[in-house]
Amino acid sequence: MEEGRVVSEYTQDGTVDLKGKPILKSKSGGWKACSFLLVYEVFDRMNYYGISSNLVLYLTKKLHQGTVTSSDNVNNWGGTIWIAPILGAYVADAHLGRYWTFVIASFIYLLGMCLLTLSVSLPSLKPPECHETDVTKCKKASTLQLAVFYGALYILAVGTGGTKPNISTIGADQFDDFDPKEKAHKLSFFNWWFSSIFIGTIFSFTVLVYIQDNVSWSLGYGIPTIGLAISIIIFLAGTPLYRHKLVSGSPFTRMAKVIVAALRKRKVTIPKDPTELYEVDLEEHTNKRKFRINSTPTLRFLNKACVKTGSSTSEWMLCSVTQVEETKQILRMIPIWVATFIPSTMLAQINTLFVKQGVTLDRRIGSFNIPPASLIAFTALTMLICVILYDRLFVKIMQRLTNNPRGITLLQRMSLGFITHLVIMIVAFFTERYRLKVAKEHGVVENGGQVPLTIFILLPQFVLMGIGEAFLEVAKIEFFYDQAPESMKSLGTSYSMTTVGIGSFISTFLLSTVSHITEKHGHKGWILNNLNASHLDYYYAFLAVLNSLNFIFFMIATKYFVYRAEISDSMNVLAEELKKTANVSNQTNLRD
């Protein structure tokens, strides 16, 4: 049984070492390998939130931009940060693989951070200081200054496009689905992935924002730049332990072939017996360590792509059942993906309007002034607590009631996040209404003075955002990774990230459109540079209505969504073939 024993010592999910050779379970993967990845993620979040949480204030205070302009610029940059991963996922899946895509992108990321630190440090790259209440009276940044600053921001956005979709996917790849113990660990991976970044997130929202507001923007950006350089070194140090998935070709090309083949054969009748549809030989799947998927009745039109007609074997005329089913898996997720845009739009408010609200309130605790962006730390803290309670308490209770290894389904978990986001905007509406009332009572509406209310009246909306993200964000990244085909995991992960980017762009569109429309016909408008004279309460009520309509759409999409088969089920055939191969080889050795 020597050969059978050798097979079991290696990973059986198709992962290999960096040279493409089979890799031993005992010397690779698992939490040991993930520890290097988690350290990187801590520093990555420290970088991202160290910039994004306070960026609206830098644009206002240092580059002298108004409320709508600065918020739009933050949202546009944030949108690019979270849209770029779809390009990084394509490069990883089709060309370089996840590891090398990540390594190259991380150095681009570091280049952007270095340039950004220079842009906030050198006097020649910043406009002169201005202490006017109305920023429109201050001298604007020159074209060169803006080019360097935004150039740095978008260079690092390109870098994160290659790191974000691949770092978490590399982490999930460290667990072999064939191994029951490792598969159980994988179910908790994304919960602990989010928990592990807590230190970097809290550091950003407390120490970094304080340094940026009260000490130096140079130091506030320089520290995370150095941290990023260290984290890249740590990631590279873990290279011998990592398991890698082989490059499987462009997912977009494979899907395009299915759609084109189905359209070209749109008049062809689909046979009732699915075994008559074209499929690659099982031996070929086994040799390439790929997973065969049986035909399903959903999106049945695409099954035409694997109907044999004539003698043509062109890939643009005839596709395998597995290839068609992989395309279906990606397409089935689109309605759920679209439904997550609006919650991501709500998330964009914490780095823009929520922070701007904080500037107008009393931030003193004794002689200490709380940086407005530091309240986001409560979002991260709440999220951490909720994720731990969810994983250690809620899941165990629900497992007994539902017999589901996850406690509840991923879509059920996401629905709880949708409901929480609706509650957030309702709470934000009433809080802002109260803030405006107090501003009016104390005569600080016209001069834009400080409202005599503690900044902690905003705390409930930040805490609720943490609860919502514990449900939605964790479930979202796990859902899109889990439901994506094995050969398109990076693309699936990028789905979850692009929702944040699209949500940011939607926030830009809504903010600009609402501001423009409400200023027509001589009206003051809902969103002005002077928030005390604005009507953010109306804007938050509008977002609450939008959330309600979107939740209805999500429930409809959920009703018709079909989960793909558990990966263990898909792997059983491959496992049996591997065993048979081992037994045949064993018997041959005995005969010899």
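**Entry 1: confidence.** I compared mean pLDDT across the elements of the protein chain and found helix 20 (residues 567-591) lowest at 44, with helix 19 (residues 536-560) highest at 95. I note that this is a predicted model. For the protein chain as a whole I recorded a mean pLDDT of 84, with 90% of residues at 70 or more.

I then looked up the stretches of low confidence. Residues 1-7 stay under 50 in pLDDT, and I found eight contacts for them beyond four places in sequence. Residues 567-592 are likewise below 50, and the model gives this stretch 31 contacts beyond near neighbours in sequence. I do not interpret such contacts closely, because predicted coordinates should not be read in detail where pLDDT is low.

**Entry 2: helices 3 and 4.** I examined the packing of helix 3 (residues 67-83) with helix 4 (residues 85-121): the angle is about 15° and the axes lie 5 Å apart. I therefore describe helix 3 as roughly parallel to helix 4, since angles under 35 degrees count as such. On the helix 3 side the contact is made by Ile-81, Trp-82 and Ile-83, and on the helix 4 side by Pro-85, Ile-86 and Leu-87. I classed the residues of this contact as six nonpolar, with no polar and no charged residues.

**Entry 3: cavities.** I searched for cavities of 30 Å³ or more and found four in the structure. The largest has a volume of about 610 Å³. Its lining comprises 39 residues, of which Arg-45, Tyr-49, Trp-82, Leu-347 and Glu-469 are the closest to the centre. I note that Trp-82 also belongs to the contact of helix 3 with helix 4.

Which helix gives the most to the lining of the largest cavity? I found that helix 2 (residues 30-61) does, with six residues. By class, I recorded 21 nonpolar, twelve polar and six charged residues in the lining of the largest cavity.

Notes:
Residues numbered from 1 in each chain as written. Predicted model: local features only at pLDDT ≥ 70, side-chain atom pairs only at ≥ 80, totals over all residues. Heavy atoms only, no water. Axes fitted to C-alpha atoms, helices over the stretch in contact; angles between N-to-C directions. Helix = DSSP H or I, 4+ residues; strand = E, 2+ residues; numbered from the N terminus. Parallel < 35°, antiparallel > 145°, perpendicular 65-115°, else oblique. Contact = heavy atoms within 4.5 Å. Nonpolar A, V, L, I, M, F, W, Y, C, P; charged D, E, K, R; others polar. pLDDT = per-residue confidence, 0-100. 1 Å grid on protein atoms, 1.4 Å probe; cavity = no way out; pocket = protein on both sides within 12 Å on 5 of 7 lines; lining within 4 Å. Points joined across faces, edges and corners; volume = space filled by probe spheres on them.
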